[in-house]
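Here is a short walk through one protein model. Keep the sequence and the 3D view side by side as you read.

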Amino acid sequence: METHARVVVIGGGVVGCSILSGAHATLLPKVVAGLREAGASNVLVVAGGIIPEEDRADLLSAGIAAVFGPGSTIAEIAAYLRSHVRSA
């Protein structure tokens, strides 16, 4: 079962993707598109990993809510999620 289908089945509110392969520009927009097609456009998609600063604007335009790179703290990420995740 693909990620978007699993999220719909379990009713998830957040998908976090860690990308270390360099395929972020290809894979992350597909995750967002799959969620939208599955009727889960309300799911927050965040990314982490080694994603160059110059690629971040395109990811945000594609529907990625936030990008957390090296040096991001758990506290920073948790605060973002607490303030942006819609409660059911």
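The largest pocket holds about 180 Å³ of space. This is a predicted model. The lining of that pocket counts 14 residues. Nearest its centre lie Ser41, Asn42, Val43, Leu44 and Val45. Which elements each supply at least two residues of this lining? They are helix H2 and strand S2. H2 gives the most, with 3 residues.

Step back to the whole chain. The protein has 88 residues, and 31% of them count as buried. It contains 4 helices and 3 strands. Read from the N terminus, the elements follow the order α-β-α-β-α-β-α.

Now take the strands, starting with S1. This strand covers residues 14-19. In a regular strand, side chains alternate between the two faces of the sheet. On the covered face of S1 sit Val15, Cys17 and Ile19. Val14, Gly16 and Ser18 make up the uncovered face.

S1 pairs with S2, which spans residues 44-49. The two strands are parallel and share 6 bridges. Within this pairing, Val15 has Val45 of S2 as its bridge partner. To get from S1 to S2, the chain passes through H2, and this β-α-β crossover is right-handed.

That crossover helix deserves its own look. H2 runs over residues 24-37, which makes 14 residues. From first C-alpha to last it reaches 20 Å, close to the 20 Å expected at 1.5 Å a residue. Which residues of H2 are buried? They are His24, Leu28, Val31, Val32, Gly34 and Leu35. These residues lie on the same side of H2, because they cover an arc of only 160 degrees around the axis. The face turned away from that buried side carries exposed residues: Ala25, Lys30, Arg36 and Glu37. Exposed here means over 50% relative accessible area, while buried means under 20%. After H2 comes Gly39, with a positive phi near 80 degrees.

Return to S2. How many of its 6 residues are buried? The count is 6 of 6, so by the under-20% cut-off S2 is mostly covered. Both of its faces are covered. One side holds Leu44, Val46 and Gly48. The other side holds Val45, Ala47 and Gly49. Two of these residues, Leu44 and Val45, also appeared among those nearest the centre of the largest pocket.

S2 has another partner, strand S3, made of residues 66-68. S2 and S3 run parallel and are joined by 3 bridges. Gly48 stands opposite Phe68 of S3. Between the two strands the chain crosses through helix H3, residues 53-61. This β-α-β crossover is right-handed.

One strand ties the tour together. S2 is bridged to S1, and S2 is also bridged to S3. S2 also helps to line the largest pocket, as does H2.

Key: Residues numbered from 1 in each chain as written. Predicted model: local features only at pLDDT ≥ 70, side-chain atom pairs only at ≥ 80, totals over all residues. Heavy atoms only, no water. Expected span 1.5 Å × (residues − 1). Buried < 20%, exposed > 50% of the residue type's maximum accessible area, 1.4 Å probe, protein only. Arc of directions from axis to C-beta. Pairing = 2+ DSSP bridges. Right-handed = clockwise from strand over helix to strand, strands pointing away. 1 Å grid on protein atoms, 1.4 Å probe; cavity = no way out; pocket = protein on both sides within 12 Å on 5 of 7 lines; lining within 4 Å. Points joined across faces, edges and corners; volume = space filled by probe spheres on them.
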